[in-house]
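This report describes how strands are paired in one chain and how two chains meet. Please keep the structure in view while reading.

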Amino acid sequence: MSALLQVRHLSHHYGRRVGCEDVSFDLHAGELLCIVGESGSGKSTLLNTVAAQLAPTAGSVRYRQRDGAWLEIATLNEADRRRLAREEWGFVTQNPRDGLRLNVSAGANVAERLMALGVRHYSQLREIARGWLERVEIDPARIDDAPTGFSGGMQQRLQIARTLVTQPRLVFMDEPTAGLDVSVQARILDLLRRLVNELGLAAVMVTHDLAVARLLAARTMVMQGGRVVETGLTDQILDDPQHPYTQLLVSSVLTT
Amino acid sequence: MTAALMLELRDLSKSFELHHQHGARLNVLRGLDLRLHAGECVVLSGASGAGKSTLLRVIYANYHPTFGAVHVRHDDRWIDLARATPHEVLDVRRRTLGYVSQFLRVIPRVPTLDIVAEPLLQSGVDAAAARVRAGDMLQRLNVPERLWQLPPGTFSGGEQQRVNIARGLIVPRPILLLDEPTASLDAGNRAVVAQLLQEARDAGSAVLGIFHDEDMRDRVATRLFPMQALEAA
């Protein structure tokens, strides 16, 4: 297996304030990496900088395209970055309302990204949308309903369908299960786990929940104050944390 | 004929440094050497607190060794897991090094059959064949078929343990680490596990395990490796 994404010495500063600082990692095809840390640790800033939604203050992000060629993200123009986001990447936001179009139907939300790739045949789009609604466990009879009437968990599942329908190779997820009931959370985690395996996706997921990292990710990075303080196998980090901050995080988890 | 060396521990030490307990340091393993060959079953013996489970976890790279080396034969080359990259460790775990603990870590909502089949899928077996083999394995371990489509979260301790063993042994691996996998099994099921281990050894696997039950230990061990708790440092 070879790297799909190479992040080197990446920093993003908000004026004088550090968002994330000097972060390096590789992501391989088919691999899910979790970024953990508490609020304000810089994990969302890092995710957004890697995903080219924020401009890096320093450092680089390289991505290996479908055709094998390496792209230096910072050198791309806006149109190429948009093409990448549309054709090869996906982004799942914490609040599904930020990732969905609320005034169009569930089916249109799923089909829209496919249409952007040039699929035009109406009945085919509808068929694919219906298939994806089923895949994320939304009753296909709701295909013409607007997502405003959906529960939070359903909206999040719809956003996942909307993101994955184009079969991206790399998906960024920012706390996709935060703010949902525990039972709803388990369902979405199971769904993500299955889809990531089935589709062979590579993914970077931000979470403050160590149990989520344990369930989904083979590798984890721990952030504090904008820096990565510990990185490695998820089970190693959770069972034998080395850094004082990681030890604090792990020992603060309530066990049932 | 000498069997191939599969695992070699050299001068292995493990301490835990607890940063939030006034920097307390727990020394669990010190200067440990061990060699494990294909076809043998070495059983770790010693009282509770002697570091047996810790040793297995260090070998599986679940714990970082503080000092020393964990050499594993992987595709006829040697990898020191104490210094390997996470991707190397994952590859060694996928193909060479299996670990069966006492407890099944339950994945919510996933049916038993899929939990057992998953390691096969990850090693490239197609889904239908993997399910059939998972079913055979569950059958051998006397997990009734009516349970196969249910998630094991609500099963009894013994049933969960058998699901865990099925999952742990379904992919033949050259090295197997077993942390009391039979603790809550009845005699009949312990005999099944002993038989499965014998088959794995006959196929060339090297086994390193913890078995508190003496009957089980006598049945599976080719050699004991005694361990003792370190004095307080």
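Two strands are said to pair if DSSP finds at least two bridges between them. Helices (H or I, at least four residues) and strands (E, at least two) are DSSP runs, numbered from the N terminus. This is a predicted model, in which local features need pLDDT of at least 70 and side-chain atom pairs count only at pLDDT 80 or more, while totals for chains, interfaces and linings use all residues. Residues are numbered from 1 along each chain as its sequence is written, chains are lettered from A and ligands numbered from 1 in the order in which they are written, and side-chain values use heavy atoms, with hydrogens and water left out.

**Strands of chain B**

Chain B holds an open sheet of five strands with parallel pairing, in the order E6-E7-E8-E3-E9. Strand E6 (97–100) and strand E9 (223–226) of chain B each have a single partner strand, so they stand at the edges with one side left without a neighbour in the sheet. On average, neighbouring strands of this sheet are turned by 20° against each other, direction ignored; the axes behind such angles are lines fitted to C-alpha atoms, for helices over the stretch in contact, and angles run from 0 to 180 degrees between N-to-C directions.

Two pairings in chain B are set out below.

| Strands | Sense | Bridges | Opposite residues |
|---|---|---|---|
| E7(B) (residues 175–179) and E8(B) (residues 206–210) | parallel | five bridges | B:Asp179 and B:Ile210 |
| E4(B) (residues 67–74) and E5(B) (residues 77–80) | antiparallel | four bridges | B:Arg73 and B:Trp78 |

The hairpin of E4(B) and E5(B) has two residues between the strands, and B:Asp75 takes a positive phi near 55° there.

**The interface of chain A and chain B**

Contact (heavy atoms within 4.5 Å) joins 24 residues of chain A to 23 residues of chain B. The buried area, meaning the accessible area (1.4 Å probe) that two parts lose on being put together, summed over both, is about 2100 Å², and carbon and sulfur atoms give 51% of this. In chain A, the residues that lose the most area to chain B are A:Leu233, A:Gln236 and A:Asp240, together 24% of what that side buries.

A salt bridge is a side-chain nitrogen of Lys or Arg within 4 Å of a carboxyl oxygen of Asp or Glu. Six salt bridges are found across this interface. In one salt bridge, the side chains of A:Arg193 and B:Glu118 meet at 2.9 Å, N to O. Helix H7 (182–199) is among the elements that give two or more residues to the side of chain A that touches chain B. H7(A) gives the most to that side, with five residues.
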